[in-house]
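This briefing is meant for a reader who is meeting the structure for the first time. Please keep the sequence and the 3D view at hand while reading the points, which are grouped by topic.

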Amino acid sequence: MTPSAAASDASLPHVVIVGGGFAGVNAAKALAKAPVRVTLIDRRVYNTFQPLLYQVATGGLNPGDVTHFLRSLRMHQPNLDIVHEHLMEIDPDARSVRLLDGKTIDYDYLVLANGVTTAYFGTPGAKEHAFAVYSRSQAIRIRDTLFTRLELATQQEGRTDGLHVVVVGGGATGVEMAGALAELRDQGLRPAYPELDGEAFRITIVQRGEELLKPFIPKLRSYAAKQLVHRDVELCLGTGVAEVQERAVVLTDGRSIPSDMTIWATGVAPHEEVQYWSLPLDKHGRIRVGEDLQVVGLPGVFAAGDIAIAPQDFPQLAQPAIQGGHHIGKQIIRILAGRPTERFEYYDKGQLAIIGRRSAVGEIPGIANLPVLHSMSLLGRMPGFRRLIGLTGYTAWAAWLFVHINSLLGSRNRLSTMIGLWARYGFRRWRTPVPIVGDVPAIRPSKAERLRLTPEQLKATEAALESDRADEVVKIESPAESNAPEPEPAAEPVE
């Protein structure tokens, strides 16, 4: 049966996928040719490529470059329906889900891939004063606020040192954010803001651990730290954040760092509503799944991505979500064919993090970590066959560029992102204008200023206008006047 026929055949098994991120989209794609109906539920109408959100936040890319309209997936998958809603409740016994609008959708197979959100770990003031970078709207808010506060800084008396930007978190997101901010500052903001003495803004990374990029091998951590320092990024390592204030970050060692803008780039946690879904959770609120990614004790219910915790304990990265979603789609097909599910085998393709122009770090699998060969432990001990190969500099940067552009959904997104990143990183020895400027509020005079009136005169004028309007209403709608007979015309004189 063709997918188009499957989409209209209510007798076919119904697969409901919650979440249009990496795991959800890849689970849906894996079922493109299966004899099933697929419904993808997401509270947004687009898929977000989160690894490049910091580029949006720092003016390197437009928001549309990293987002893809979910309904466009139906062009190549007619058995897919998209529902723009928010999941509120799961009833495993009735095999149904309830949405925010009150509608109930029955399922035969359920895939939970709704991702996670920013975790503040109970840090006082973090949620109120720090800027998260986990969604498109948050990235745009960072960009707009940065440019707005830069403009305000130029108007302040005695303000000569620009802004103080503190990035909390020394993982890949924090390092890439700090590097992109340094690129933005050095690319065109220094000469663009002559009112500020020296740098347009200063950047500080605060990391609780003693090193940056903890998942990477030591030599790559050291390289990243040196490259950031070379780009005038201050490293504050070995201390955590005790409190985030409106204009400062208080550290656990008692120090206080001035901060005109604090960016929170550390840690994620499941959404609060997950705890009400009647599912087995671990102590961190993630959904417990078996080795095949099927939720423990709930046949036919799967979970993948950051929301799930498997016995294999996969890292919370894009690749485990992509491969996990694809695996779930294949397992549903196996169940439909009467075959048992298989254990999910995650293939580690490595990891990459960019620091700046022609500077990045990366770990890619060696020969010993290739498919099939990775099970041969002897290869891992042989020279030249090590499991991971460390990359730095231009090689890592080129690999990062290729992987991220190739991972985007849609050819238009790939092309526009390639152009945007080339505009930011493609020129080496001279400054170029900032590609994308934040939306700074326009300067507009008040009504009194436009009419050249004092506030008292404006108030009197508006009161008079309001009084005239009231008189007009009374004149038009007064029953005495509206019901009165029209006067007869005067008789003409007789000659």
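How many bridges join strand 24 to strand 25, and do the two run parallel or antiparallel? Strand 24, residues 359–365, is joined to strand 25 by five bridges, and the two strands run antiparallel. The model is a predicted one, and the points below take up this sheet, then strand 12, helix 2, a loop residue and a cavity.

**The sheet of strands 23, 24 and 25**

- Strand 24 belongs to an open sheet of three strands, which follow one another in the order 23-24-25 with antiparallel pairing.
- The edges of this sheet are formed by strand 23 (351–356) and strand 25 (388–392), each of which pairs on one side only.
- On average, and with direction ignored, neighbouring strands of this sheet are turned by 10 degrees against each other.
- Within the pairing of strand 24 with strand 25, Gly362 has Leu391 of strand 25 as its bridge partner.
- Helix 10, residues 393–407, packs on the sheet and touches strand 23, strand 24 and strand 25, while the direction of helix 10 makes about 115 degrees with that of strand 23.

**Strand 12 and its two partners**

- Strand 12, residues 163–168, is mostly covered, since six of its six residues are buried.
- In a regular strand the side chains alternate between the two faces of the sheet.
- In strand 12 both faces are covered, with Leu163, Val165 and Val167 buried on one side and His164, Val166 and Val168 buried on the other.
- Strand 12 pairs with strand 13, residues 201–207, in the parallel sense over six bridges, and in this pairing Val165 stands opposite Ile203.
- Strand 12 also pairs in the parallel sense with strand 18, residues 261–264, over four bridges, where Val167 stands opposite Ile263.

**Helix 2 and its surroundings**

- Seven of the nine residues of helix 2, which spans residues 22–30, are buried, and the helix is therefore largely enclosed by the rest of the structure.
- The buried residues of helix 2 are Phe22, Ala23, Gly24, Val25, Ala27, Ala28 and Ala30.
- These buried residues pack against five strands and a helix, namely strand 1 (14–18), strand 2 (37–42), strand 3 (46–48), strand 5 (80–84), strand 9 (109–112) and helix 8.

**Val295 in its loop**

- Val295 lies in the loop between strand 20 (287–288) and strand 21 (301–303), and because its relative accessible area is 3%, under the 20% limit, Val295 counts as buried.
- Apart from neighbours within four places in sequence, Val295 is in contact with Pro280, Ile287, Arg288, Val289, Val301, Phe302 and Ala303.
- The C-alpha atom of Val295 is separated by 9.2 Å from that of Ala310, which is 15 residues apart from Val295 along the chain.

**The cavity**

- The count comes to one cavity of 30 Å³ or more, and the largest cavity holds about 130 Å³ of space.
- The largest cavity is lined by 18 residues, and the closest to its centre are Ala304, Gly305, Ala308, Phe314 and Pro320.
- Strand 22 (308–309) and helix 8 (318–336) are the elements that give two or more residues to this lining, with helix 8 giving the most, at three residues.
- By class, the lining of the largest cavity is made up of 13 nonpolar, three polar and two charged residues.

How values were computed
Residues are numbered from 1 along each chain as its sequence is written. This is a predicted model: local features need pLDDT of at least 70, side-chain atom pairs count only at pLDDT 80 or more; totals for chains, interfaces and linings use all residues. Side-chain values use heavy atoms; hydrogens and water are left out. On a 1 Å grid over the protein atoms alone, a cavity is a set of points where a 1.4 Å probe fits but cannot get out, and a pocket is an open set with protein on both sides within 12 Å along at least five of seven lines; lining residues have an atom within 4 Å of a point. Grid points are joined across faces, edges and corners, and a volume is the space filled by probe spheres set on the points. Ala, Val, Leu, Ile, Met, Phe, Trp, Tyr, Cys and Pro count as nonpolar, Asp, Glu, Lys and Arg as charged, and the others, Gly among them, as polar. Buried means under 20% relative accessible area, exposed over 50%, partly exposed in between (1.4 Å probe, protein chains only). Contact means heavy atoms within 4.5 Å. Two strands pair if DSSP finds at least two bridges between them. Axes are lines fitted to C-alpha atoms, for helices over the stretch in contact, and angles run from 0 to 180 degrees between N-to-C directions.
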